[in-house]
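User: Please take a close look at one loop where the backbone does something unusual, and then work outward from it to the helices and the nonpolar packing. I would like a connected account rather than a list.

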Amino acid sequence: MRRWGEGTAPATLMLARVALALGFFPALCSSAKGADYYKILGVPRNVDKADLKKAYRSKSLEYHPDKCSDDKEICQTKFIEVSTAYEVLSDPEKKKVYDQHGEAGLKEGHQDNDQARQMFRQFFGREPDGNVRIVNRGGHMTFHEEGEPGPKEDIYGNTNVTELNSDVYNSQINDRIEPWIVMFYKPNNDESVEIKPEYSKFADTFKDFLNVGAVNCRQQRDICSKASINDFPAVRWFGESKDTPPEVFDDGAPNNKNLGKWVSAIMPDYTTVLQDKHELRKWLDDAKPPHIVLFTDKTGSPPLWKALSREFKGGRASLATVPRCDKNGVFKTPLQREYDVRIPQVVRLDPVDQLGKVAEKFSLSLKKDVLNLWLMKNIAVGKKAGPQATFKEWSQQRIEAGECGPADSQFCFLWLKAGADPAVEEATRQLAQKYRTDPIKMMWVNVEMSPQLLEAFDLENSDATDFFVAFRPKRNRFKVHEGALSFNELDAFVDGTLNGGPLTGKLKVDKIEL
């Protein structure tokens, strides 16, 4: 229940102005000058502001429909009388005119429909239907809704647009957890009706990517009022967080093309955009599998991919985008050159070497429901297989984060590589798979990019190109594997080290920097 005196006075005074302008007080005239406002409020003529306000609060509460026990029309009349009296006596200029000339001196003016509508909202707690008039019936003043001309029925039936009533709006928009785009319209508004085919076409295109709704502001007047909708049609974007304010569409006519461009830009993107090999390697090392990549000729993630990224965010799957690929294959991007893929193409990468390998290509239609099932399958297969088995790139950032850094007490097995050797890559993949649950770290680093590591591990005079090193950073001790870099020999080396094999070498530098 509203407390009168808090948020009520401004609206009631608007109605008072309307009532004064129309001269609706013949029954109140106790003298030639009209109504006695002091008597109505029960205050003396020398009343101060504080007592005047106190008297008004008491009287307005007494005659409010939530409290008043009299007939509804009598309550409305009394309520307007009290509001009018306070509006005059609380305004120094109007009070001066009233004290000199009475009510008659205040009757110049005109009716303000906006003020009458606002008072209607305050009194009844809802939005009026069309314009509002204040009608004097035998000395009783009442509100009269004129109603808007023209149709008021919903127009988006049998389309992919969801018509939102009050209950659905509160649950799906005010308490939303998913993004919505909403068209606010009036069926008796020509522009609203003309744009219906375009908005319906937009809904057909985006129905799988986001929620598309509409609000009929003739039927759902309160929703549109609270949303501050004054012009029609009006489009709003409601992000997935209910705490964020809506975005207003103002990019021209709300047709299919303009709305599509606007929504494509505003939709949240939880993918990782990859431009080069370094970004790809970091993503493969840091992101949770499965690693799913879209190669596209678009400048960014398309709406379908953005929608999937929102559904699979939170670690269920990691999605990335390689943008600006050339469909004709003439001006390929750096990452497009590394993989044999058509454009657009979705692939799952296995992070086994410097750039990862294509483990599976998605060969079906690029539709959201089909891709969703494929992603769910890959997640299920990954869970069944257990933890991801891979060597991670050893970088300065990882050292600073404590991985194989000076304070790390775990065993680190380092693959110091100079190029791409498929046989060694397969051996390391098998090795990582076998030891994926052990409390050890497996890293690779390119010694051509970091030749100082050869000196650190006393390998600068070796004729070999690739090395495998067991390293205990906190102790500055290491041991270099001697022999072929095959799975069986590497497995025996790791197993022997973990079972107490001595680390015979001592780091040749005070600090490793990559």
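Analyst: Pro344 lies in the loop that runs between α14 (334-338) and β13 (345-350), and what is said here and below about its surroundings refers to a predicted model. The peptide bond that joins Ile343 to Pro344 is cis, with omega at about 0 degrees. Most peptide bonds are trans, and most residues other than glycine have a negative phi. Another cis bond leads from Phe232 to Pro233, where omega is near -10 degrees, and Pro233 is placed in the loop between α10 (221-226) and β8 (234-238).

On the N-terminal side of α14, the loop that connects β12 (318-322) to this helix contains Arg324, a residue other than glycine whose phi is nonetheless positive, near 60 degrees. With a relative accessibility of 48%, Arg324 is classed as partly exposed. Asp458, in the loop between α18 (452-456) and β18 (467-472), has a positive phi near 60 degrees as well; its relative accessible area is 46%, and Asp458 therefore counts as partly exposed.

From these loops we can turn to a helix with little exposure. In α13 (residues 303-311), eight of the nine residues are buried, so this helix is largely enclosed by the rest of the structure. Those buried residues comprise Pro303, Leu304, Trp305, Lys306, Ala307, Leu308, Ser309 and Arg310, so that charged side chains are listed beside nonpolar ones.

Nonpolar side chains in soluble globular proteins tend to be buried together. Here the largest nonpolar core has 37 residues, and within it Tyr156, Ile181, Tyr199, Val263 and Trp305 touch the most other members. Two or more residues are given to this core by each of β6 (180-185), α9, β7 (211-216), β8, α11, β11 (291-295), α13 and α15 (368-385). Leaving aside residues up to four places away in sequence, Tyr156 is in contact with Val161, Glu163, Met183, Tyr185, Ile195, Lys196, Tyr199, Ser200 and Ala214. A second core, separate from the largest one, is made up of 26 residues and includes Tyr63, Cys75, Phe79 and Tyr98.

Two of the elements that contribute to the largest core, α9 and α11, also pack against each other. The axes of α9 (residues 196-206) and α11 (residues 256-266) come within 8 Å and cross at roughly 40 degrees, and the two helices are therefore oblique to each other. Their crossing is right-handed. On the α9 side the contact is made by Glu198, Tyr199, Lys201, Phe202, Thr205 and Phe206, and on the α11 side by Asn256, Leu259, Gly260, Val263 and Ser264. Sorted by class, the contact contains five nonpolar, four polar and two charged residues. Tyr199 and Val263 take part in this contact and are among the residues that touch the most other members of the largest core.

The second core leads to another helix pair, since its member Tyr98 is one of the α5 residues in contact with α4. The axes of α4 (residues 72-89) and α5 (residues 92-101) are 6 Å apart, and the helices pack at an angle of about 105 degrees, so α4 and α5 are roughly perpendicular to each other. Glu87, Val88 and Leu89 of α4 meet Lys94, Lys95 and Tyr98 of α5, a contact that divides into three nonpolar and three charged residues, with no polar ones.

Definitions and conventions: Residues numbered from 1 in each chain as written. Predicted model: local features only at pLDDT ≥ 70, side-chain atom pairs only at ≥ 80, totals over all residues. Heavy atoms only, no water. Buried < 20%, exposed > 50% of the residue type's maximum accessible area, 1.4 Å probe, protein only. Helix = DSSP H or I, 4+ residues; strand = E, 2+ residues; numbered from the N terminus. Axes fitted to C-alpha atoms, helices over the stretch in contact; angles between N-to-C directions. Parallel < 35°, antiparallel > 145°, perpendicular 65-115°, else oblique. Left-handed = near helix turned anticlockwise from the far one by under 90°. Contact = heavy atoms within 4.5 Å. Core = buried A, V, L, I, M, F, W, Y, C linked by side-chain atoms within 4.5 Å.
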